[in-house]
Amino acid sequence: MPILALECSGAACSVAIRRNGRTEARLREAMARGHAAAVAPMVRRALAAAGLAPADIGAVAVGAGPGSFTGLRIAIAAAKGLALALDRPLAGVSGFEAAARRAAGDGAPEGAEAGDLLAIALESRRAEVFAELRAPDGGIALPGRAVAPRAFWEEVAAAAAPGARIRLEGCAAARLAEAAPGPRRAGLRPVLGRTAAPDAADIALVAEERLAAEAGAGAGYRGGVVPIYLSPPYAAAPK
């Protein structure tokens, strides 16, 4: 079943198509703004690259955040429109979930091991990062929040055992690594992994696995993707 995935939560717009366990098309364009104008042409180009018509799509997936307020709204609106028009299932995938799945597939970087804690940090374009801590079994040790890097390490030091290794993943992982002297004094050992931003190919992979597990739920449209806003938008409604 071909899955079309959209991701516009950060400083890029990406579209991917995944079918039968393979990424058949992947487009990514760096941009600070302009996602609304870019996403539809990129969908058309991805479909052409995979040799598919819109009606061939079996499901639609979208990056649900956290990330840019405007980018999330654009991607989710586009994904909902496509899923509704095609009467296909719609899956929302968080950036934390996509990064954790990518980390599991990439294998541990040098200095890390399979039993390490996993800290996922995504860029907020502010002083804070969007950060989440996962246990070795995949459970959530510290839920995702917008937090200053130093404050996050203080929370990790309180939650983790002395000497624990912390694998850092995500596009803001380097910012966590830079703020790590305090945790080192507390006995934690951070290991920097991939610093890639969320990508539609990762969103499609998670959605493929999730939809396979829900195979008996039916093929029609199922909406309800809720954007993950972990900090308020810059713009504020007038009083």
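# Reading the strands, helices and cores

Analyst: In this predicted model, helix α3 (residues 95–106) lies across β6, β7 (129–134), β8 and β9, and runs at about 130° to β6. A second helix, α4 (residues 149–159), lies across β6, β7, β8, β9 and β10, running at about 160° to β8.

User: What makes the five strands an open sheet, and what is their order?

Analyst: The order is β8-β7-β6-β9-β10, with mixed pairing, and the edge strands, β8 (140–147) and β10 (189–192), each pair on one side only. From one strand to the next, the twist averages 20°.

User: How do you know that β6 and β9 pair?

Analyst: Two strands pair if there are at least two bridges between them, and four bridges join β6 (residues 117–123) to β9 (residues 165–169), the two strands running parallel. Within this pair, Ala 119 stands opposite Leu 168 of β9.

User: How does the length of α3 agree with what is expected of a helix?

Analyst: The expected span is 1.5 Å times one less than the number of residues, so the 12 residues of α3 should span 16 Å, and the C-alpha atoms at its ends are indeed 16 Å apart. Just after α3, Gly 107 takes a positive phi of about 85°.

User: Which residues of α3 are buried?

Analyst: They are Gly 95, Phe 96, Ala 98, Ala 99, Ala 100, Arg 102 and Ala 103, and the word buried stands for a relative accessible area under 20%.

User: Why is β2 described as largely enclosed?

Analyst: Seven of the eight residues of β2 are buried, and therefore the strand is largely enclosed by the rest of the structure. As for its partners, β2 pairs with β1 in the antiparallel sense over six bridges, where Leu 4 has Ile 17 of β2 as its bridge partner, and a hairpin joins β1 to β2 through one residue. β2 also pairs with β3 (residues 22–30) in the antiparallel sense, over eight bridges, and there Arg 18 has Thr 23 of β3 as its bridge partner. The hairpin of β2 and β3 has two residues between the strands, and in it Asn 20 takes a positive phi near 55°.

User: Which residues touch the most other members of the largest nonpolar core?

Analyst: Leu 6, Ile 17 and Val 62 do, in a core of 28 residues. The elements giving two or more residues to this core are β1 (3–10), β2 (12–19), α1 (35–50), β4 (59–65) and α2 (69–86), and the largest share, seven residues, comes from α1. Leaving aside residues up to four places away in sequence, Leu 6 touches a set of residues that includes Val 15, Val 39, Val 43, Val 62, Leu 82 and Ala 200. A second, separate core has 21 residues, among them Phe 152, Ala 173, Leu 176 and Ala 180.

User: How do you know that Cys 8 is in no disulfide?

Analyst: A disulfide needs two cysteine sulfur atoms within 2.5 Å, whereas the nearest cysteine sulfur to that of Cys 8, belonging to Cys 13, is 3.6 Å away. A search of the whole structure likewise finds zero disulfides. Cys 8 is also buried, with a relative accessible area of 1%.

User: What about Cys 171, and why is it called partly exposed?

Analyst: Partly exposed covers values between the cut-offs of 20% and 50%, and because Cys 171 has 24% relative accessibility, it counts as partly exposed. Its sulfur is 14 Å from the closest cysteine sulfur, in Cys 8, which is too far for a bond.

User: What makes the peptide bond between Gly 65 and Pro 66 stand out?

Analyst: The bond that joins Gly 65 and Pro 66 is cis, with omega at about 10°, and Pro 66 lies in the loop between β4 and α2.

User: Where are Asp 87 and Arg 125 found, and why are they called partly exposed?

Analyst: Asp 87 is in the loop between α2 and β5 (90–94), and because its relative accessibility is 44%, it counts as partly exposed. It has a positive phi of about 55°, although it is not a glycine. Arg 125 is in the loop between β6 and β7, and its relative accessible area of 43% makes Arg 125 partly exposed. Arg 125 is not a glycine either, yet it has a positive phi of about 65°.

Notes: Residues numbered from 1 in each chain as written. Predicted model: local features only at pLDDT ≥ 70, side-chain atom pairs only at ≥ 80, totals over all residues. Heavy atoms only, no water. Axes fitted to C-alpha atoms, helices over the stretch in contact; angles between N-to-C directions. Contact = heavy atoms within 4.5 Å. Buried < 20%, exposed > 50% of the residue type's maximum accessible area, 1.4 Å probe, protein only. Core = buried A, V, L, I, M, F, W, Y, C linked by side-chain atoms within 4.5 Å.
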